[in-house]
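Please open the structure in your viewer and keep the sequence beside it. We will go from one selection to the next and say at each stop what can be found there.

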Amino acid sequence: MPDALPVLISTDGACLGNPGPGGWGAILRYGEHEREISGAEPDTTNNRMELTAAIRALQAVTRRSTVILTTDSTYVRNGIMQWVKGWQRNGWVTKAKQPVKNADLWRELVAACEEHDVEWRWVKGHAGDRDNEIADRLATTAARTLRDGPR
């Protein structure tokens, strides 16, 4: 049974070039507890980092929970809420009979969502939402640190 309090998650992805070095970041809040997580990949895309942020954040929640996940990526939100069921039905091909881009990550995200009760929300990026700004900073810092090394 999910905990009474929801886990609040904000995620973001960043890419220095597209493709190029990329980073992802997330802030997780449960009551008064908060945790920041991030990571980077050397040759990726912004969409892959957006997906990875959501996957890693959901995987960081260790027991079944109600999760409110906020993203500034319409690609991620629309994909998980609208497109993925059709892709699954059609064998991971689009209506245009093309392979779904990032299908490996979409599969991971579907599996991560099955572990929780997830409500998806969208927020405009770079518009002053505190947790979105934190997630953006985490993602950008991870990408820059990978590219430039620690400072």
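Leaving aside its neighbours within four places in sequence, which residues is Ala54 in contact with? Before you select anything, note that this is a predicted model, in which local features need pLDDT of at least 70 and side-chain atom pairs count only at pLDDT 80 or more, while totals for chains, interfaces and linings use all residues. Residues are numbered from 1 along each chain as its sequence is written, and side-chain values use heavy atoms, with hydrogens and water left out.

**First stop: Ala54**

Select Ala54, which lies in helix α1; helices (H or I, at least four residues) and strands (E, at least two) are DSSP runs, numbered from the N terminus. Beyond the neighbours within four places in sequence, Ala54 is in contact with Thr11, Leu69, Leu109 and Trp120, where contact means heavy atoms within 4.5 Å. Ala54 counts as buried because its relative accessibility is 0%; buried means under 20% relative accessible area, exposed over 50% and partly exposed in between, with a 1.4 Å probe and protein chains only. If you then add Val93 to the selection, you will find the C-alpha atoms of Ala54 and Val93 22 Å apart in space, with their positions 39 residues apart in sequence.

**Second stop: Leu69 and Trp120**

Next select Leu69, a residue of strand β4, which is buried with a relative accessible area of 0%. Its contacts, again without the neighbours within four places in sequence, are Ile9, Thr11, Ala54, Leu58, Val118, Glu119, Trp120 and Arg121. Of these, Val118 is worth picking for a distance: Leu69 and Val118 are 49 residues apart along the chain, yet their C-alpha atoms are separated by 6.8 Å.

Move on to Trp120, which, with the neighbours within four places in sequence left aside, is in contact with Ala54, Leu69, Thr71, Val76, Arg77, Ile80, Met81, Leu109 and Cys113.

**Third stop: the largest nonpolar core**

In soluble globular proteins, nonpolar side chains tend to be buried together. A nonpolar core is a set of buried Ala, Val, Leu, Ile, Met, Phe, Trp, Tyr and Cys residues joined through side-chain atoms within 4.5 Å. Select Ile9, Leu58, Ile80, Trp106, Leu109 and Trp120, which touch the most other members of the largest such core, a set of 32 residues. At least two residues of this core come from each of β1 (7-15), β2 (20-30), α1 (46-60), β4 (66-71), α2 (74-89) and α3 (103-114), and α1 gives the largest share, eight residues.

**Fourth stop: helix α2 and its partner**

Select α2 and look along its length, where a kink of about 60 degrees is centred on Trp83; the bend at a residue is the angle between axes fitted to the seven residues ending there and the seven starting there. The buried residues of α2 are Tyr75, Val76, Gly79, Ile80, Val84, Gly86 and Trp87, and they pack against α1, α3 and β5 (117-122).

Now show α3 as well: how are α2 and α3 placed, roughly parallel or roughly perpendicular to each other? Their packing angle is about 95 degrees and their axes are 11 Å apart, the axes being lines fitted to C-alpha atoms, for helices over the stretch in contact, with angles running from 0 to 180 degrees between N-to-C directions. The two helices are therefore roughly perpendicular, since angles under 35 degrees count as roughly parallel, over 145 as roughly antiparallel, 65 to 115 as roughly perpendicular and the rest as oblique. Among the residues that make this contact are Tyr75 and Trp87 of α2 and Trp106 and Cys113 of α3.

**Fifth stop: backbone details in the loops**

Most residues other than glycine have a negative phi, and most peptide bonds are trans. Select Trp92 in the loop between α2 and α3, where the phi is positive, about 65 degrees, although Trp92 is not a glycine. Asn102, whose place is in the loop between α2 and α3, also has a positive phi of about 65 degrees without being a glycine. Then go to Pro19, in the loop between β1 and β2, and look at the peptide bond from Asn18 to Pro19, which is cis, with omega near 15 degrees.

**Last stop: helix α4**

Finish with α4, whose buried residues pack against β1, β2 and β3 (33-44); these residues include Ile134, Leu138 and Ala142. After α4 comes Gly149, with a positive phi near 90 degrees.
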